Amino acid sequence: MTETVTKPEPPESALSAPYWQGLRDGRLLLQACGACGTLRHYPRLLCSACFSDAVSWRQASGHGHVHSWTVAHHAFHVGFRDELPYTLVTVDLAEGPRALGRWRGATPRIGLAVKAILRQADAAAVELWFEPDGEA
Amino acid sequence: MALRDQACVSGIGETAYMRGSSKTAFELQIEASLAAINDAGIHPSDIDGVIPIGIVSGIAEDFVDNFGIRDLRYSALIPHGGASPVMALQAAATVLATGVCRHVLITFGRNVSAGSNKAGARIHNMPQFHYVTEFEHPLGNSAPAQIYAPMARRHMELYGTTVEHFGAVAVACREHALLNGNAIMSKPITLEDHRNSRMIADPFRLLDCSLESDGGAAVVVSAADVAADCRHRRVFISGVAVGHPDSPASITQRPDMTSLGIGKAAPRAFTMAGVTPADIQVAEIYDCFTYAVIRQIEDMGFCEKGEGGPFVADGRLRLGGALPTNTHGGLLSQAHVWGLNHIVELVRQLRGDGGRAQVAGAELGLVTGYGDLGDGALAIMRRG
């Protein structure tokens, strides 16, 4: 018997579809307010600075610094059982917003300069990862 | 301060806490509710307000049906996870102070042993976790232990908080659980046991994490004048307030990951009660994780930000210490019923019914709620 273990899939919505399409196209996109330009993440309906619902999407440089991190030693979803232990990192992007991603490299530390990698997880899904930027 | 001392907790009730209960969440909730109503010395049909906690057990209509309530005047759903019970105290105090109701039931039951209702899956059905579910769950950020761990990690790196500080919280809760016949955990632990327990989500080890457990808890809150006719001495809600962190539904987007909603609630609650942290004799602090206790102690003003680790060390949280905390064992060692057990325990302490865990002469205490990704609530109570 072969057991197929799948990971949880992102429940894409009309609001977030451009973000996921961006990852598939190799670009990390952030929502920008169409009226005042304020950047935000994760995607949401209104700009909390000016309350406009106009949206444009801006490509992030992918550069940033570690805000915090954790190493998962227990799989709370069976789809990650074979990857333990794995590190999750929260990153202050150069553009301002913060992003969560998986981590490739030695144990991170707060303030470490990092860059994004968009990694093809399977035929459909592209995952956001980070790794040290420059010498690590 | 229109709410100060306008409402009292007049009845408390709990089921046995365990793992693997054969009862449904609603059965557990009904059992706890009847115990609380009986403790208040009233009849089920006297209840005219119901605040069911969460959406895992009965709804207000179920209580109308089962309790023969003929004129339900208030119900509410408060969707903030473990902050909800203390937030419900605020809602109850408001409708009691304004004369809408006479007796409000706050009630909760859960059976997490049933089916696939495990921590890693359960939260993804909750609307407040929708950002996590869409953007973080697919990367393996699934359960509260993982989601909260970066907050704790940042606190450690910025302020020097240590594994031993986390352990001090775990050990204090366990010591208190050993004095409680209705606590799931019954084995003593040491700081070394804590340090050696297996890592779940760095920096959280097994003994930093609250218990998955089955059970029910309930309280009856009554208008102060009405409570005077109830069975027990009155326990007044002197100050109560709620607060939400900035970016409440997304920890990653929070300007300061280490700031919680209770930081906004605390000054309001203390001002309403007319007391300061130095006056508090017993504290029941929501302990989904050891770290959460340390952070709330800072946010409530018991010490400066970053000093929570040293504050909890040296036995300050233990019985006999300066701030006896979680005298029932807490979520870490008694049971996890979203913190309604913390309210029950505070009332017990202020009645002088704390048994072997009684804080001598306790007249003023507080209880906190911590929900979801940092929503907070604080109630300051005093014996009448």
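How many residues does helix α3 of chain B have, and what distance does it reach from its first C-alpha to its last? The answer is given under the first heading, and the model discussed throughout is a predicted one.

## Helix α3 of chain B

Helix α3 of chain B covers residues 84–97, a run of 14 residues. From its first C-alpha to its last it reaches 19 Å, close to the 20 Å expected at 1.5 Å a residue.

Burial dominates this helix: 11 of the 14 residues of α3(B) are buried, so the rest of the structure largely encloses it. The buried positions are S84(B), P85(B), V86(B), M87(B), A88(B), L89(B), A91(B), A92(B), A93(B), V95(B) and L96(B). Just after α3(B), G99(B) adopts a positive phi of about 80 degrees.

## Helix α6 of chain B

Helix α6 of chain B comprises 16 residues, 144–159. At 1.5 Å a residue it should span 22 Å, and its end C-alpha atoms are indeed 22 Å apart. The helix nevertheless bends, by about 30 degrees, at P150(B).

Of the 16 residues of α6(B), 13 are buried, so this helix is largely enclosed by the rest of the structure. Just after α6(B) comes G160(B), with a positive phi of about 80 degrees.

## Aromatic pairs and a ring cluster in chain B

Over all chains, a search of the whole structure finds 16 aromatic pairs. In one of them, the ring centres of Y148(B) and Y370(B) lie 5.7 Å apart with the planes at 90 degrees, so the arrangement is edge-to-face. Y148(B) belongs to helix α6 of chain B and Y370(B) to strand β10 (residues 364–371), so this pair ties together parts that are 222 residues apart in sequence. Both Y148(B) and Y370(B) are buried.

F166(B) and F204(B) form a tilted aromatic pair, with 6.5 Å centre to centre and 50 degrees between the planes. Because F166(B) lies in helix α7 (residues 163–177) of chain B and F204(B) in strand β6 (residues 204–205) of chain B, the pair ties together parts that are 38 residues apart in sequence. F166(B) is buried, as is F204(B). Ring pairs link these four residues with Y286(B), F289(B) and Y291(B), giving a cluster made up of Y148(B), F166(B), F204(B), Y286(B), F289(B), Y291(B) and Y370(B).

## An exposed loop residue in chain B

N125(B) is placed in the loop between α4 (119–122) and α5 (130–136) of chain B. With a relative accessible area of 65%, N125(B) is exposed. Its C-alpha atom is separated by 22 Å from that of D62(B), and the two residues are 63 residues apart along the chain.

## Overall organisation of chain A

Chain A contains 1 helix and 8 strands. From the N terminus on, its elements follow the order α-β-β-β-β-β-β-β-β. The C-alpha trace of chain A spans about 55 × 40 × 25 Å along its principal axes. Of the 136 residues in chain A, buried residues make up 40%.

On the surface, L15(A), L45(A), L46(A) and F51(A) make a nonpolar patch of about 400 Å². One of these residues, L46(A), is found in the loop between β2 (39–40) and β3 (55–59) of chain A. L46(A) is partly exposed, its relative accessible area being 40%.

## Salt bridges in chain A

The count of salt bridges over all chains comes to 20. Among them is the pair of R98(A) and D92(A), whose closest N and O atoms are 2.6 Å apart. R98(A) counts as buried at 8% relative accessibility, whereas D92(A) is partly exposed, with a relative accessible area of 24%.

R104(A) forms a salt bridge with E131(A), with the closest N and O atoms 2.7 Å apart. R104(A) lies in the loop between β6 (98–103) and β7 (113–120) of chain A and E131(A) in strand β8 (residues 126–132), so the pair ties together parts that are 27 residues apart in sequence. R104(A) is partly exposed, with a relative accessible area of 40%, while E131(A) counts as buried at 16% relative accessibility. E131(A) also forms a salt bridge with K115(A), the closest N and O atoms being 3.6 Å apart. That pair links strand β8, which holds E131(A), to strand β7, which holds K115(A), across 16 residues. K115(A) counts as partly exposed at 29% relative accessibility. Elsewhere, K7(A), E83(A), R102(A) and E127(A) are joined into one network by salt bridges that share partners.

Methods: Residues are numbered from 1 along each chain as its sequence is written. Chains are lettered from A and ligands numbered from 1 in the order in which they are written. This is a predicted model: local features need pLDDT of at least 70, side-chain atom pairs count only at pLDDT 80 or more; totals for chains, interfaces and linings use all residues. Side-chain values use heavy atoms; hydrogens and water are left out. Patches are made of residues with over 30% relative accessible area and no salt bridge: like charges are joined within 9 Å, nonpolar side chains (Val, Leu, Ile, Met, Phe, Trp, Tyr) within 5 Å. Accessible areas come from the Shrake-Rupley method with a 1.4 Å probe; for residues, only the protein chains shown count as cover. A salt bridge is a side-chain nitrogen of Lys or Arg within 4 Å of a carboxyl oxygen of Asp or Glu. Helices (H or I, at least four residues) and strands (E, at least two) are DSSP runs, numbered from the N terminus. Buried means under 20% relative accessible area, exposed over 50%, partly exposed in between (1.4 Å probe, protein chains only). The expected span of a helix is 1.5 Å times one less than its number of residues. The bend at a residue is the angle between axes fitted to the seven residues ending there and the seven starting there. Rings of Phe, Tyr and Trp (its six-membered ring) pair if their centres lie within 6.5 Å; planes under 30 degrees apart count as stacked, over 60 as edge-to-face and the rest as tilted.
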